[in-house]
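Biologist: Got a minute to go through this model with me? I'd like to hop between topics.

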Amino acid sequence: MTTATAGLRFGYGTNGFANHRLTDALAVLADLGYQGVALTLDHDHLDPFGPGLARRVAAVHRRLAALGLAVVVETGARYLLDPWHKHAPTLLHDDPARRIDFLRRAVRIGADLGAEAVSFWAGVRPPEVPESVAWDRLVAGCATVCAEADAAGVPLGFEPEPGMLVEDIAGWHRLRDALGVPPGFGITLDIGHCRCLEPRPVPDCVTAVAEHLVNVQIDDMRRGVHEHLEFGAGEIDFPPVLRALADAGYRGLVAVELPRHSHAAPTVAARSIEFLHAAAGTARHRTTTDSDPLLCSHGGNTSRPRVLRKGLQSKGGG
């Protein structure tokens with residue numbers, strides 16, 4: 001499985017390899033034929049607060065280059081900043097300093113890795129914080145991160161996340177406008193989230209944000225349930241989604257986002273890339289000719305993607 005689908009480049013999130021050393025995870029993904037990784041900075045995967053950071057970043061950069069892997073930096077580590085509270089503190093908390101420091105570090109790491117984007121999100125509003133106060137804190141924090149990213153020349157991908165203060169595409173537009181429409185402030189689009197809560201069909205969501213798209217996460221999901229599922233276990237028809245990404249001219253990574261599947265990471269990653277290649281082939285077969293430069297099948301397979309076996313799944317987001 002070494003021939004990549006032309007035009008679209010598939011990656012895999014390291015948060016789905018939490019039980020692997022980072023160097024081992026990268027090797028497995030390269031061996032499976034992935035072209036990139038979505039690297040979640042975490043205590044066991046390039047800890048941004050650990051000693052010898054510059055040396056470790058340089059080593060990861062060399063490893064990525066040797067394996068031919070592109071990278072985006074993700075910042076959704078659960079307990080990196082607070083061992084008691086998931087994702088805390090966020091930009092919405094009374095003291096967001098540690099989150100802002102983390103995001104600024106992530107931008108600098110992204111620059112040193114040659115990352116295609118650094119992705120982050122708003123966070124869940126603490127119940128004691130009024131929505132207007134939370135919103136002002138979010139805008140202020142994002143402005144600081146934008147300034148850091150602009151200086152470093154790193155694109156930002158802000159991710160709408162179900163249940164967070166900015167949970168949909170409309171919320172992303174509102175935030176971008178509040179920031180003064182900074183050119184480096186793009187969107188990270190999770191395909192599963194589109195099915196979960198967006199009012200439009202998933203391919204239409206891709207088209208709607210095409211000009212702002214800097215990072216794509218891909219997973220299956222059901223309407224109204226924020227649960228990252230293996231492909232075929234949810235409700236999304238993927239060939240039209242891949243077709244929409246290709247038609248949009250998107251050239252960034254399309255990275256599998258299965259943060260609760262580390263228990264079977266190599267097997268799930270193998271099934272996932274097989275599915276994506278088959279889905280891309282189906283997309284081409286449905287709507288294009290063999291000469292299409294944007295999208296082609298893997299190994300000539302143009303049949304419908306097979307339904308994958310369900311893995312062990314837990315409800316909830318990353």
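Biologist: Which residues are exposed on the other side of helix 5, away from its buried ones?

Modeller: Ala170 and Asp177 are exposed there. Exposed means over 50% relative accessible area, buried under 20%, and partly exposed in between, with a 1.4 Å probe on protein chains only. Helices are DSSP runs of H or I of at least four residues, strands are runs of E of at least two, and both are numbered from the N terminus. The model is predicted: local features need pLDDT of at least 70, side-chain atom pairs count only at pLDDT 80 or more, and totals for chains, interfaces and linings use all residues. Residues are numbered from 1 along each chain as its sequence is written, and side-chain values use heavy atoms, with hydrogens and water left out.

Biologist: And which residues of helix 5 are buried?

Modeller: In helix 5, residues 169-178, the buried ones are Ile169, Gly171, Trp172, Leu175 and Arg176. They fall within an arc of 155° seen down the helix axis, so they line one face of helix 5. The arc is taken from the directions from the helix axis to the C-beta atoms.

Biologist: Why would spaced-out positions share a face?

Modeller: An α-helix has 3.6 residues a turn, so residues three or four places apart point the same way.

Biologist: What do the buried residues of helix 5 pack against?

Modeller: Helix 4 (131-152), strand 5 (156-158), strand 6 (185-190) and helix 7 (202-208). A contact means heavy atoms within 4.5 Å.

Biologist: What follows helix 5?

Modeller: Gly180, with a positive phi near 85°.

Biologist: New topic. Where is His193, and is it buried or exposed?

Modeller: His193 is in helix 6, residues 191-197. It is buried at 3% relative accessible area.

Biologist: What does His193 touch?

Modeller: Leaving out residues up to four places away in sequence, its contacts are Glu159, Pro160, Glu161, Pro162, Glu198, Met221, His226 and His228. A polar atom of the His193 side chain is 3.2 Å from the backbone oxygen of Pro160. A polar contact is a pair of N or O atoms within 3.5 Å; within protein, one must be able to donate a hydrogen and the other to accept it, and sequence neighbours count only if both atoms are side-chain atoms.

Biologist: How many cavities of 30 Å³ or more are there?

Modeller: The count is 1. The largest cavity holds about 60 Å³ of space. Its lining includes Pro160, Ile169, His193 and Glu198. Strand 6 and helix 6 are the elements that give two or more residues to that lining. A cavity is a set of points on a 1 Å grid over the protein atoms alone where a 1.4 Å probe fits but cannot get out; a pocket is an open set with protein on both sides within 12 Å along at least five of seven lines; lining residues have an atom within 4 Å of a point. Points are joined across faces, edges and corners, and a volume is the space filled by probe spheres set on them.

Biologist: How much space lies in the second largest pocket?

Modeller: About 220 Å³. It has 17 lining residues, and Pro155, Pro182, Pro183, Gly184 and Phe185 lie nearest its centre. Helix 4 gives the largest share of the lining, 4 residues.

Biologist: Back to single residues. Where does Tyr34 lie?

Modeller: In the loop between helix 1 (22-32) and strand 2 (36-40). Tyr34 is buried, at 4% relative accessibility. A polar atom of its side chain is 2.6 Å from the backbone oxygen of Ala269. Tyr34 also touches Phe10, Leu69 and Val256, among others.

Biologist: Which residues does a cis peptide bond join?

Modeller: Ala88 and Pro89, with omega about -10°. Pro89 is in the loop between strand 3 (70-74) and helix 3 (97-113).

Biologist: What is the phi of His87?

Modeller: Positive, about 65°, although His87 is not a glycine. His87 is in the loop between strand 3 and helix 3, and it is buried at 11% relative accessible area.

Biologist: And the phi of Leu46, what is that?

Modeller: Also positive, about 55°. Leu46 sits in the loop between strand 2 and helix 2 (53-67), and is buried at 7%.
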